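Me: I would like to learn how to read a structure such as this one, feature by feature. Could you take me through it, giving the general idea and then the case at hand?

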Amino acid sequence: MSEITRAEVCAVAIAEAFRDDGETLMSAFGTTPTVGGRLAKLTFAPDLFMTDGIATGIESVPPVSGPPRDDLVKSAWMPFRLFFDNVVWTTNRHVMMMASQIDQYGNQNFACIGPHEKPKAQLLGMRGAPGNTLYHATSYFVPNHSAKVFVEKVDVVSGVGYDRAAALGETTSRFHDIRRVVSNLGVFDFATPDNRMRLVSVHPGVGVEDVVANTAFELVIEGDVPETRTPSDEELHLIRDVLDPEGLINKEVRD
Amino acid sequence: MDKRMHESDVIAEIQDGMTIGIGGWGSRRKPMSLVRAILRSDLKDLTVVTYGGPDAGLLCKYGKVRKLIYGFVSLDSIPLEPHFRQARQAGSFRAAELDEGMLQWGLRAAAHRLPFLPCRAGLGSDVVTVNPELRRVISPYDDGEELIAMPALELDVALIHMNRADKLGNGQFLGPDPYFDDLFCHAAKRRFMSCEKIVASEDFQKEGSVQTVSINRLMVDGVIEAPGGAHFTECTPDYGRDEAFQREYAATAKDPEAWEAFKARYLDADSEADYQKAVQEAAKTR
(Lines give C-alpha, C1' and ligand atoms only; values in the text may rest on other atoms or scores of the structure.)
Protein backbone atom coordinates (compact mmCIF):
# COMPACT_ATOMS: atom_id res chain seq x y z
CA MET A 1 0.00 0.00 0.00
CA SER A 2 1.11 3.55 -0.67
CA GLU A 3 2.12 5.80 2.19
CA ILE A 4 -0.51 6.74 4.72
CA THR A 5 -1.70 10.34 4.29
CA ARG A 6 -2.42 12.85 7.03
CA ALA A 7 -6.06 12.85 5.97
CA GLU A 8 -6.27 9.11 6.54
CA VAL A 9 -4.84 9.52 10.03
CA CYS A 10 -7.49 12.20 10.66
CA ALA A 11 -10.26 9.89 9.38
CA VAL A 12 -9.25 7.20 11.86
CA ALA A 13 -8.98 9.74 14.71
CA ILE A 14 -12.51 10.89 13.82
CA ALA A 15 -13.77 7.31 13.77
CA GLU A 16 -12.28 6.86 17.24
CA ALA A 17 -14.35 9.82 18.48
CA PHE A 18 -17.49 7.77 17.73
CA ARG A 19 -16.14 4.44 19.05
CA ASP A 20 -18.12 4.10 22.27
CA ASP A 21 -21.32 5.81 21.18
CA GLY A 22 -23.43 2.67 20.81
CA GLU A 23 -26.82 3.30 19.19
CA THR A 24 -26.98 7.01 18.47
CA LEU A 25 -27.33 9.26 15.45
CA MET A 26 -23.88 9.92 14.01
CA SER A 27 -23.93 13.26 12.17
CA ALA A 28 -20.69 14.41 10.59
CA PHE A 29 -20.19 17.53 8.47
CA GLY A 30 -17.30 17.90 6.05
CA THR A 31 -15.67 15.27 3.87
CA THR A 32 -13.16 13.82 6.33
CA PRO A 33 -15.68 13.68 9.22
CA THR A 34 -18.14 11.91 6.92
CA VAL A 35 -15.53 9.32 5.96
CA GLY A 36 -14.38 8.95 9.59
CA GLY A 37 -17.90 8.53 10.96
CA ARG A 38 -18.76 5.93 8.34
CA LEU A 39 -15.47 4.14 8.99
CA ALA A 40 -16.48 3.80 12.65
CA LYS A 41 -19.82 2.30 11.61
CA LEU A 42 -18.14 -0.19 9.24
CA THR A 43 -15.66 -1.33 11.90
CA PHE A 44 -15.99 -0.98 15.67
CA ALA A 45 -19.25 0.97 16.06
CA PRO A 46 -21.81 -0.92 13.94
CA ASP A 47 -24.81 0.26 15.96
CA LEU A 48 -24.38 3.91 14.88
CA PHE A 49 -27.39 5.24 13.02
CA MET A 50 -26.90 7.60 10.09
CA THR A 51 -28.87 9.39 7.37
CA ASP A 52 -28.47 9.94 3.67
CA GLY A 53 -28.05 13.65 4.43
CA ILE A 54 -31.45 14.41 2.92
CA ALA A 55 -34.43 13.00 4.76
CA THR A 56 -33.90 9.28 5.31
CA GLY A 57 -32.19 7.08 7.86
CA ILE A 58 -30.12 4.43 6.09
CA GLU A 59 -28.69 1.05 7.05
CA SER A 60 -26.18 0.88 4.20
CA VAL A 61 -22.91 2.86 4.24
CA PRO A 62 -22.35 4.62 0.90
CA PRO A 63 -19.17 6.32 -0.32
CA VAL A 64 -18.75 10.03 0.31
CA SER A 65 -18.89 10.98 -3.39
CA GLY A 66 -20.42 9.81 -6.64
CA PRO A 67 -23.91 10.08 -8.11
CA PRO A 68 -27.02 9.58 -5.95
CA ARG A 69 -27.53 5.88 -5.33
CA ASP A 70 -30.74 3.96 -5.68
CA ASP A 71 -29.44 0.94 -3.74
CA LEU A 72 -29.47 2.61 -0.31
CA VAL A 73 -31.25 0.64 2.38
CA LYS A 74 -33.67 3.32 3.56
CA SER A 75 -35.05 2.41 6.95
CA ALA A 76 -36.67 5.49 8.45
CA TRP A 77 -38.12 8.86 7.48
CA MET A 78 -35.96 11.63 8.96
CA PRO A 79 -37.14 15.01 7.63
CA PHE A 80 -35.50 18.12 9.09
CA ARG A 81 -38.20 18.64 11.71
CA LEU A 82 -37.40 15.26 13.22
CA PHE A 83 -33.92 16.48 14.01
CA PHE A 84 -35.47 18.73 16.61
CA ASP A 85 -38.35 16.48 17.62
CA ASN A 86 -36.53 13.17 17.54
CA VAL A 87 -32.77 13.35 17.96
CA VAL A 88 -31.33 16.78 18.80
CA TRP A 89 -33.63 17.92 21.57
CA THR A 90 -34.05 14.35 22.82
CA THR A 91 -30.24 14.18 23.22
CA ASN A 92 -29.61 11.03 21.17
CA ARG A 93 -26.98 12.29 18.76
CA HIS A 94 -23.26 12.86 18.41
CA VAL A 95 -22.43 15.58 15.89
CA MET A 96 -19.07 16.52 14.46
CA MET A 97 -19.08 20.07 13.13
CA MET A 98 -16.36 22.24 11.64
CA ALA A 99 -14.96 25.20 13.57
CA SER A 100 -13.72 28.41 11.97
CA GLN A 101 -12.56 29.44 15.46
CA ILE A 102 -12.34 27.50 18.73
CA ASP A 103 -11.02 28.54 22.13
CA GLN A 104 -9.48 26.67 25.06
CA TYR A 105 -12.87 25.79 26.59
CA GLY A 106 -14.32 24.58 23.30
CA ASN A 107 -16.40 27.64 22.45
CA GLN A 108 -16.83 27.37 18.68
CA ASN A 109 -17.58 29.89 15.97
CA PHE A 110 -18.72 29.25 12.43
CA ALA A 111 -21.20 32.14 12.31
CA CYS A 112 -19.02 35.08 11.24
CA ILE A 113 -15.60 36.70 11.63
CA GLY A 114 -15.56 40.17 13.12
CA PRO A 115 -18.39 41.94 14.95
CA HIS A 116 -21.77 40.31 14.44
CA GLU A 117 -23.62 43.52 13.57
CA LYS A 118 -21.31 44.10 10.60
CA PRO A 119 -18.99 41.13 10.11
CA LYS A 120 -15.77 41.13 8.12
CA ALA A 121 -16.78 37.71 6.82
CA GLN A 122 -20.22 36.18 7.14
CA LEU A 123 -19.91 32.40 7.44
CA LEU A 124 -22.62 29.77 7.95
CA GLY A 125 -24.59 31.46 10.71
CA MET A 126 -25.49 29.90 14.05
CA ARG A 127 -27.12 26.89 12.33
CA GLY A 128 -27.89 24.27 15.00
CA ALA A 129 -24.71 24.76 17.04
CA PRO A 130 -26.24 26.54 20.09
CA GLY A 131 -28.79 23.76 20.59
CA ASN A 132 -26.53 20.89 19.58
CA THR A 133 -23.94 21.78 22.21
CA LEU A 134 -26.49 22.02 25.03
CA TYR A 135 -28.33 18.84 24.08
CA HIS A 136 -25.94 16.15 22.91
CA ALA A 137 -22.36 15.06 22.35
CA THR A 138 -20.43 17.37 20.03
CA SER A 139 -16.99 17.10 18.47
CA TYR A 140 -15.15 19.38 16.08
CA PHE A 141 -12.93 18.97 13.07
CA VAL A 142 -10.40 21.56 11.92
CA PRO A 143 -8.59 20.74 8.67
CA ASN A 144 -6.28 23.79 8.89
CA HIS A 145 -4.91 24.09 12.44
CA SER A 146 -3.49 27.56 13.00
CA ALA A 147 -3.40 30.32 15.62
CA LYS A 148 -6.20 31.99 13.63
CA VAL A 149 -8.47 29.01 14.32
CA PHE A 150 -7.31 27.95 17.78
CA VAL A 151 -7.81 31.40 19.25
CA GLU A 152 -7.73 33.09 22.63
CA LYS A 153 -11.29 34.34 22.13
CA VAL A 154 -13.76 33.50 19.39
CA ASP A 155 -15.47 36.46 17.67
CA VAL A 156 -18.94 34.96 18.10
CA VAL A 157 -19.98 31.93 20.15
CA SER A 158 -22.16 29.58 18.11
CA GLY A 159 -21.24 26.30 19.87
CA VAL A 160 -21.14 26.57 23.68
CA GLY A 161 -17.90 25.66 25.45
CA TYR A 162 -17.26 24.36 28.97
CA ASP A 163 -16.80 27.70 30.77
CA ARG A 164 -20.08 29.07 29.44
CA ALA A 165 -21.89 25.77 30.06
CA ALA A 166 -20.68 25.75 33.67
CA ALA A 167 -22.01 29.28 34.12
CA LEU A 168 -25.47 28.03 33.09
CA GLY A 169 -25.58 25.65 36.06
CA GLU A 170 -25.90 21.90 36.38
CA THR A 171 -29.50 21.54 35.22
CA THR A 172 -29.12 23.44 31.97
CA SER A 173 -25.70 21.98 31.12
CA ARG A 174 -26.43 18.37 32.07
CA PHE A 175 -26.29 17.13 28.45
CA HIS A 176 -23.39 19.40 27.44
CA ASP A 177 -20.53 17.18 26.30
CA ILE A 178 -17.77 18.45 24.00
CA ARG A 179 -15.98 15.21 23.31
CA ARG A 180 -13.08 15.77 21.05
CA VAL A 181 -11.39 18.07 18.60
CA VAL A 182 -9.53 16.52 15.68
CA SER A 183 -7.27 18.78 13.61
CA ASN A 184 -4.77 18.14 10.88
CA LEU A 185 -2.08 18.28 13.57
CA GLY A 186 -3.48 16.28 16.46
CA VAL A 187 -6.29 15.11 18.70
CA PHE A 188 -7.61 17.10 21.67
CA ASP A 189 -10.14 16.66 24.47
CA PHE A 190 -11.30 18.51 27.61
CA ALA A 191 -10.60 15.80 30.21
CA THR A 192 -8.90 18.20 32.60
CA PRO A 193 -10.00 19.44 36.04
CA ASP A 194 -11.15 22.81 34.66
CA ASN A 195 -12.15 21.47 31.22
CA ARG A 196 -9.43 23.31 29.35
CA MET A 197 -8.35 21.78 26.07
CA ARG A 198 -5.74 19.04 26.35
CA LEU A 199 -3.44 17.69 23.67
CA VAL A 200 -4.24 13.95 23.52
CA SER A 201 -1.97 12.93 20.64
CA VAL A 202 -0.01 14.38 17.76
CA HIS A 203 -0.27 12.91 14.28
CA PRO A 204 2.80 11.07 12.95
CA GLY A 205 5.29 13.63 11.63
CA VAL A 206 3.96 16.44 13.85
CA GLY A 207 5.86 17.70 16.87
CA VAL A 208 4.25 18.94 20.07
CA GLU A 209 6.05 22.24 19.40
CA ASP A 210 4.28 22.50 16.01
CA VAL A 211 0.92 22.25 17.75
CA VAL A 212 1.91 24.78 20.41
CA ALA A 213 3.25 27.23 17.81
CA ASN A 214 -0.05 27.08 15.91
CA THR A 215 -2.30 27.50 18.94
CA ALA A 216 -2.99 30.96 20.39
CA PHE A 217 -3.90 29.70 23.88
CA GLU A 218 -2.10 27.49 26.36
CA LEU A 219 -2.90 23.83 25.84
CA VAL A 220 -2.82 21.34 28.69
CA ILE A 221 0.10 19.02 27.88
CA GLU A 222 0.73 16.12 30.25
CA GLY A 223 4.08 14.35 30.03
CA ASP A 224 5.05 12.65 26.79
CA VAL A 225 2.33 13.10 24.22
CA PRO A 226 1.71 9.90 22.24
CA GLU A 227 1.31 9.66 18.48
CA THR A 228 -2.14 9.29 16.97
CA ARG A 229 -2.57 5.71 15.84
CA THR A 230 -2.27 5.01 12.13
CA PRO A 231 -4.95 3.17 10.12
CA SER A 232 -4.86 -0.62 9.98
CA ASP A 233 -4.69 -2.31 6.56
CA GLU A 234 -8.41 -3.03 6.80
CA GLU A 235 -9.16 0.63 7.62
CA LEU A 236 -6.98 1.82 4.75
CA HIS A 237 -8.85 -0.50 2.41
CA LEU A 238 -12.21 0.81 3.63
CA ILE A 239 -11.12 4.45 3.29
CA ARG A 240 -9.46 4.11 -0.12
CA ASP A 241 -11.61 1.54 -1.87
CA VAL A 242 -15.03 1.78 -0.23
CA LEU A 243 -15.70 5.16 1.38
CA ASP A 244 -13.56 7.62 -0.58
CA PRO A 245 -12.39 6.11 -3.88
CA GLU A 246 -11.74 9.60 -5.30
CA GLY A 247 -9.44 10.50 -2.39
CA LEU A 248 -11.39 13.67 -1.60
CA ILE A 249 -10.21 13.74 2.02
CA ASN A 250 -6.69 14.42 0.74
CA LYS A 251 -7.98 17.67 -0.74
CA GLU A 252 -9.51 18.72 2.59
CA VAL A 253 -6.41 17.80 4.63
CA ARG A 254 -3.09 18.32 2.87
CA ASP A 255 0.07 16.47 3.84
CA MET B 1 -64.87 27.66 -3.66
CA ASP B 2 -61.98 28.76 -5.80
CA LYS B 3 -58.84 30.30 -4.27
CA ARG B 4 -56.84 30.53 -7.49
CA MET B 5 -55.01 33.81 -8.04
CA HIS B 6 -51.91 35.29 -9.66
CA GLU B 7 -48.59 36.44 -8.23
CA SER B 8 -49.73 40.06 -8.62
CA ASP B 9 -52.79 39.39 -6.41
CA VAL B 10 -50.43 38.24 -3.65
CA ILE B 11 -48.31 41.37 -3.96
CA ALA B 12 -51.46 43.48 -3.61
CA GLU B 13 -52.00 41.93 -0.18
CA ILE B 14 -48.51 42.74 1.10
CA GLN B 15 -47.62 46.16 2.52
CA ASP B 16 -44.35 47.85 3.38
CA GLY B 17 -43.06 46.85 6.81
CA MET B 18 -44.91 43.53 6.97
CA THR B 19 -43.44 40.30 8.34
CA ILE B 20 -43.21 37.62 5.64
CA GLY B 21 -42.48 33.95 6.32
CA ILE B 22 -41.03 31.93 3.45
CA GLY B 23 -41.25 28.12 3.37
CA GLY B 24 -38.80 25.58 1.98
CA TRP B 25 -35.25 25.09 3.26
CA GLY B 26 -31.97 26.44 1.84
CA SER B 27 -32.11 26.00 -1.92
CA ARG B 28 -35.04 23.57 -1.75
CA ARG B 29 -38.70 24.04 -2.76
CA LYS B 30 -38.71 27.80 -2.25
CA PRO B 31 -41.70 29.86 -3.50
CA MET B 32 -39.37 31.71 -5.87
CA SER B 33 -42.04 32.96 -8.27
CA LEU B 34 -43.60 34.85 -5.36
CA VAL B 35 -40.17 36.07 -4.24
CA ARG B 36 -39.53 37.30 -7.80
CA ALA B 37 -42.87 39.12 -7.72
CA ILE B 38 -41.71 40.92 -4.56
CA LEU B 39 -38.46 41.84 -6.32
CA ARG B 40 -40.48 43.40 -9.17
CA SER B 41 -42.66 45.36 -6.72
CA ASP B 42 -42.07 48.58 -4.78
CA LEU B 43 -42.38 46.75 -1.45
CA LYS B 44 -39.77 47.65 1.18
CA ASP B 45 -38.82 47.43 4.86
CA LEU B 46 -39.88 43.81 5.12
CA THR B 47 -39.12 41.52 8.02
CA VAL B 48 -38.38 38.10 6.54
CA VAL B 49 -38.47 34.81 8.47
CA THR B 50 -36.83 31.92 6.64
CA TYR B 51 -34.72 28.78 6.63
CA GLY B 52 -32.80 30.85 4.15
CA GLY B 53 -31.68 30.18 0.62
CA PRO B 54 -31.72 32.37 -2.50
CA ASP B 55 -35.00 33.90 -1.28
CA ALA B 56 -33.02 35.64 1.46
CA GLY B 57 -30.09 36.36 -0.86
CA LEU B 58 -32.22 38.04 -3.52
CA LEU B 59 -34.46 40.00 -1.15
CA CYS B 60 -31.36 41.33 0.64
CA LYS B 61 -29.64 42.11 -2.66
CA TYR B 62 -32.66 44.16 -3.71
CA GLY B 63 -32.70 46.03 -0.41
CA LYS B 64 -36.19 44.77 0.47
CA VAL B 65 -35.22 43.55 3.94
CA ARG B 66 -35.18 45.63 7.09
CA LYS B 67 -34.78 42.62 9.38
CA LEU B 68 -33.95 39.00 8.59
CA ILE B 69 -34.87 36.31 11.13
CA TYR B 70 -32.96 33.14 10.27
CA GLY B 71 -30.73 30.32 11.48
CA PHE B 72 -28.64 30.12 8.32
CA VAL B 73 -28.71 31.16 4.67
CA SER B 74 -27.29 28.59 2.26
CA LEU B 75 -27.52 27.42 -1.35
CA ASP B 76 -26.78 23.84 -0.19
CA SER B 77 -24.42 22.85 -3.03
CA ILE B 78 -22.80 26.28 -2.48
CA PRO B 79 -22.67 26.39 1.34
CA LEU B 80 -22.40 30.19 1.70
CA GLU B 81 -25.01 32.38 -0.10
CA PRO B 82 -22.77 35.07 -1.62
CA HIS B 83 -25.42 37.79 -2.04
CA PHE B 84 -26.59 37.37 1.55
CA ARG B 85 -22.96 37.49 2.72
CA GLN B 86 -22.38 40.69 0.81
CA ALA B 87 -25.44 42.36 2.34
CA ARG B 88 -24.46 41.12 5.83
CA GLN B 89 -20.92 42.42 5.48
CA ALA B 90 -22.31 45.80 4.35
CA GLY B 91 -24.50 45.81 7.47
CA SER B 92 -27.48 46.62 5.27
CA PHE B 93 -30.16 44.93 7.38
CA ARG B 94 -30.81 43.88 10.97
CA ALA B 95 -29.67 40.27 11.41
CA ALA B 96 -31.74 38.36 13.96
CA GLU B 97 -29.72 35.18 13.85
CA LEU B 98 -31.12 32.25 15.85
CA ASP B 99 -30.45 28.58 16.37
CA GLU B 100 -32.36 26.62 13.69
CA GLY B 101 -34.46 24.92 16.34
CA MET B 102 -35.39 28.23 17.95
CA LEU B 103 -36.82 29.37 14.63
CA GLN B 104 -39.09 26.34 14.59
CA TRP B 105 -40.02 27.02 18.21
CA GLY B 106 -40.99 30.62 17.45
CA LEU B 107 -43.16 29.53 14.53
CA ARG B 108 -44.74 26.85 16.71
CA ALA B 109 -45.54 29.36 19.44
CA ALA B 110 -47.25 31.58 16.87
CA ALA B 111 -49.07 28.58 15.39
CA HIS B 112 -50.47 27.74 18.84
CA ARG B 113 -51.30 31.39 19.62
CA LEU B 114 -48.90 31.33 22.56
CA PRO B 115 -46.78 34.37 23.47
CA PHE B 116 -43.64 32.21 23.72
CA LEU B 117 -42.36 28.68 24.22
CA PRO B 118 -39.63 27.84 26.72
CA CYS B 119 -36.39 27.01 25.01
CA ARG B 120 -33.00 25.81 26.22
CA ALA B 121 -31.18 26.11 22.87
CA GLY B 122 -29.46 29.47 22.61
CA LEU B 123 -28.45 29.77 26.27
CA GLY B 124 -24.72 30.26 26.73
CA SER B 125 -24.22 31.15 23.05
CA ASP B 126 -24.11 34.57 21.44
CA VAL B 127 -27.67 34.04 20.18
CA VAL B 128 -28.68 35.80 23.40
CA THR B 129 -26.23 38.68 22.93
CA VAL B 130 -27.03 39.37 19.26
CA ASN B 131 -30.78 39.19 20.03
CA PRO B 132 -31.00 41.37 23.17
CA GLU B 133 -34.79 41.39 22.99
CA LEU B 134 -34.90 37.70 23.98
CA ARG B 135 -36.20 37.43 27.53
CA ARG B 136 -35.90 34.64 30.10
CA VAL B 137 -38.46 32.63 32.02
CA ILE B 138 -37.95 30.55 35.16
CA SER B 139 -39.58 27.15 35.40
CA PRO B 140 -42.29 27.31 38.11
CA TYR B 141 -41.62 23.66 38.99
CA ASP B 142 -39.02 22.28 41.38
CA ASP B 143 -36.20 22.30 38.82
CA GLY B 144 -36.33 26.12 38.70
CA GLU B 145 -34.45 26.12 35.41
CA GLU B 146 -33.98 29.44 33.67
CA LEU B 147 -34.87 29.20 29.98
CA ILE B 148 -35.23 31.48 27.01
CA ALA B 149 -38.84 32.54 26.35
CA MET B 150 -38.71 32.17 22.57
CA PRO B 151 -41.28 34.72 21.37
CA ALA B 152 -43.94 33.75 18.86
CA LEU B 153 -42.84 34.60 15.32
CA GLU B 154 -46.18 35.99 14.20
CA LEU B 155 -46.30 36.43 10.45
CA ASP B 156 -48.47 38.77 8.42
CA VAL B 157 -48.02 36.61 5.33
CA ALA B 158 -46.70 33.10 4.63
CA LEU B 159 -45.47 32.07 1.18
CA ILE B 160 -44.94 28.38 0.38
CA HIS B 161 -44.48 26.28 -2.78
CA MET B 162 -45.88 22.77 -3.17
CA ASN B 163 -45.74 20.16 -5.92
CA ARG B 164 -49.52 19.89 -6.34
CA ALA B 165 -52.53 21.79 -5.08
CA ASP B 166 -56.23 21.97 -5.76
CA LYS B 167 -58.17 25.18 -6.25
CA LEU B 168 -59.60 24.84 -2.72
CA GLY B 169 -56.18 25.28 -1.14
CA ASN B 170 -55.15 21.74 -0.27
CA GLY B 171 -51.47 21.18 -1.04
CA GLN B 172 -49.26 18.15 -1.63
CA PHE B 173 -45.48 17.67 -1.34
CA LEU B 174 -44.05 14.83 -3.41
CA GLY B 175 -40.39 15.19 -2.39
CA PRO B 176 -38.73 13.72 0.70
CA ASP B 177 -39.35 16.53 3.19
CA PRO B 178 -42.31 18.75 4.14
CA TYR B 179 -39.84 21.22 5.71
CA PHE B 180 -41.70 23.68 8.00
CA ASP B 181 -44.28 24.88 5.47
CA ASP B 182 -47.24 23.90 7.65
CA LEU B 183 -45.85 25.89 10.58
CA PHE B 184 -45.31 28.96 8.39
CA CYS B 185 -48.98 28.75 7.34
CA HIS B 186 -50.23 28.27 10.91
CA ALA B 187 -48.13 31.21 12.11
CA ALA B 188 -49.49 33.65 9.47
CA LYS B 189 -52.58 35.79 9.07
CA ARG B 190 -52.64 35.41 5.25
CA ARG B 191 -51.27 32.30 3.55
CA PHE B 192 -50.37 31.95 -0.14
CA MET B 193 -49.36 28.68 -1.75
CA SER B 194 -47.84 28.42 -5.20
CA CYS B 195 -47.64 24.99 -6.84
CA GLU B 196 -46.22 23.25 -9.86
CA LYS B 197 -49.65 22.13 -11.00
CA ILE B 198 -53.25 22.52 -9.93
CA VAL B 199 -55.05 19.18 -9.93
CA ALA B 200 -58.58 18.04 -9.12
CA SER B 201 -58.97 17.08 -5.47
CA GLU B 202 -59.74 13.50 -6.45
CA ASP B 203 -56.39 13.26 -8.26
CA PHE B 204 -54.14 13.81 -5.21
CA GLN B 205 -54.08 10.13 -4.45
CA LYS B 206 -52.90 9.31 -7.96
CA GLU B 207 -49.78 11.35 -7.18
CA GLY B 208 -48.91 10.20 -3.66
CA SER B 209 -50.22 8.77 -0.42
CA VAL B 210 -52.71 10.75 1.65
CA GLN B 211 -49.92 11.69 4.08
CA THR B 212 -48.29 13.78 1.34
CA VAL B 213 -51.22 16.21 1.34
CA SER B 214 -49.69 18.00 4.31
CA ILE B 215 -51.37 21.37 3.71
CA ASN B 216 -55.14 21.47 4.08
CA ARG B 217 -57.37 24.25 2.87
CA LEU B 218 -57.95 25.72 6.35
CA MET B 219 -54.29 26.76 6.16
CA VAL B 220 -54.41 28.58 2.81
CA ASP B 221 -56.01 31.77 1.45
CA GLY B 222 -54.71 31.78 -2.10
CA VAL B 223 -53.38 29.25 -4.64
CA ILE B 224 -51.07 30.25 -7.49
CA GLU B 225 -50.27 27.82 -10.29
CA ALA B 226 -46.58 28.39 -11.05
CA PRO B 227 -44.87 25.69 -13.13
CA GLY B 228 -41.15 26.03 -12.43
CA GLY B 229 -42.10 28.36 -9.60
CA ALA B 230 -39.37 27.03 -7.30
CA HIS B 231 -36.65 27.49 -9.94
CA PHE B 232 -33.65 27.52 -9.45
CA THR B 233 -34.14 25.72 -6.14
CA GLU B 234 -34.98 22.01 -6.25
CA CYS B 235 -38.55 20.78 -6.37
CA THR B 236 -38.24 17.02 -6.47
CA PRO B 237 -39.58 14.92 -8.09
CA ASP B 238 -40.71 17.55 -10.61
CA TYR B 239 -37.18 18.88 -11.10
CA GLY B 240 -33.83 19.06 -9.37
CA ARG B 241 -31.90 22.19 -8.50
CA ASP B 242 -30.69 24.09 -11.60
CA GLU B 243 -27.05 23.93 -10.53
CA ALA B 244 -25.72 25.68 -13.64
CA PHE B 245 -28.12 28.59 -13.12
CA GLN B 246 -27.37 28.70 -9.40
CA ARG B 247 -23.62 28.88 -10.13
CA GLU B 248 -24.29 31.73 -12.56
CA TYR B 249 -26.37 33.51 -9.91
CA ALA B 250 -23.72 33.00 -7.21
CA ALA B 251 -20.87 34.19 -9.45
CA THR B 252 -22.57 37.57 -10.01
CA ALA B 253 -22.02 38.56 -6.37
CA LYS B 254 -18.38 39.36 -7.03
CA ASP B 255 -18.96 41.30 -10.25
CA PRO B 256 -21.40 44.24 -10.42
CA GLU B 257 -21.47 44.17 -14.22
CA ALA B 258 -22.27 40.46 -14.27
CA TRP B 259 -25.01 41.10 -11.72
CA GLU B 260 -26.57 43.86 -13.85
CA ALA B 261 -26.49 41.55 -16.88
CA PHE B 262 -28.02 38.69 -14.88
CA LYS B 263 -30.71 40.97 -13.49
CA ALA B 264 -31.52 42.40 -16.92
CA ARG B 265 -31.65 39.00 -18.52
CA TYR B 266 -33.84 37.24 -15.97
CA LEU B 267 -35.22 39.30 -13.13
CA ASP B 268 -36.22 42.54 -14.87
CA ALA B 269 -38.77 40.54 -16.87
CA ASP B 270 -42.32 41.87 -16.56
CA SER B 271 -43.80 38.61 -15.40
CA GLU B 272 -43.04 35.12 -14.14
CA ALA B 273 -43.81 33.77 -17.63
CA ASP B 274 -41.12 36.01 -19.11
CA TYR B 275 -38.65 34.82 -16.46
CA GLN B 276 -39.38 31.19 -17.31
CA LYS B 277 -38.93 31.92 -21.02
CA ALA B 278 -35.56 33.60 -20.37
CA VAL B 279 -34.44 30.61 -18.29
CA GLN B 280 -35.41 28.18 -21.05
CA GLU B 281 -33.59 30.20 -23.69
CA ALA B 282 -30.48 30.38 -21.51
CA ALA B 283 -30.56 26.62 -20.98
CA LYS B 284 -30.49 26.05 -24.75
CA THR B 285 -27.29 28.04 -25.14
CA ARG B 286 -25.56 26.61 -22.08
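Me: How many bridges join strand 3 of chain A to strand 4 of chain A, and do these strands run parallel or antiparallel?

Reply: Please keep in mind throughout that this is a predicted model. In general, the strands of a sheet pair through backbone hydrogen bonds, in either a parallel or an antiparallel fashion. Here strand 3 of chain A, residues 56-58, is joined to strand 4 of chain A by three bridges, and the two run antiparallel. As one example of such a pairing, A:Thr56 has A:Trp77, in strand 4 of chain A, as its bridge partner.

Me: In what order do the strands of that open sheet lie, and which are the edge strands?

Reply: The sheet in chain A is an open one of three strands in the order 2-3-4, with antiparallel pairing. Its edge strands are strand 2 (50-51) and strand 4 (74-77) of chain A, each of which pairs on one side only.

Me: Moving to the whole chain, what does the secondary structure of chain A come to, and how does its radius of gyration help me judge compactness?

Reply: Chain A has eight helices and 13 strands. Its radius of gyration is 18 Å, close to the 18 Å that the globule rule gives for 255 residues, so chain A is as compact as a globular protein of that length. Along the principal axes, the C-alpha trace of chain A spans about 45 × 45 × 35 Å. Buried residues account for 50% of the 255 residues in chain A, and among its contacts with a separation of 6 or more, 66% are between residues 24 or more positions apart.

Me: Where is A:Phe29 placed, and is it buried, partly exposed or exposed?

Reply: A:Phe29 sits in the loop between strand 1 (25-28) and helix 2 (31-42) of chain A. Burial is judged by counting C-beta neighbours, and because A:Phe29 has 18 of them inside 10 Å, whereas a buried residue needs 20 or more, it counts as partly exposed. Leaving aside neighbours within four places in sequence, A:Phe29 is in contact with A:Met96, A:Met97 and A:Met98.

Me: How many residues of each chain are in contact across the two chains, and which element of chain A gives the most?

Reply: In this model, 35 residues of chain A are in contact with 33 residues of chain B. Helix 3 (80-88), strand 9 (121-122), helix 4 (129-135) and helix 5 (162-167) of chain A each give two or more residues to the side that touches chain B, and helix 3 of chain A gives the most, with four residues. By residue class, that side of chain A divides into 20 nonpolar, nine polar and six charged residues.

Methods. Residues are numbered from 1 along each chain as its sequence is written. Chains are lettered from A and ligands numbered from 1 in the order in which they are written. This is a predicted model: local features need pLDDT of at least 70, side-chain atom pairs count only at pLDDT 80 or more; totals for chains, interfaces and linings use all residues. Two residues are in contact if their C-beta atoms, placed from the backbone, lie within 7 Å. Ala, Val, Leu, Ile, Met, Phe, Trp, Tyr, Cys and Pro count as nonpolar, Asp, Glu, Lys and Arg as charged, and the others, Gly among them, as polar. The radius of gyration is taken over C-alpha atoms; the globule rule is 2.2 Å times the number of residues to the power 0.38. A residue is buried if 20 or more other C-beta atoms lie within 10 Å of its own, exposed if 12 or fewer, and partly exposed in between; C-beta atoms are placed from the backbone. Two strands pair if DSSP finds at least two bridges between them.
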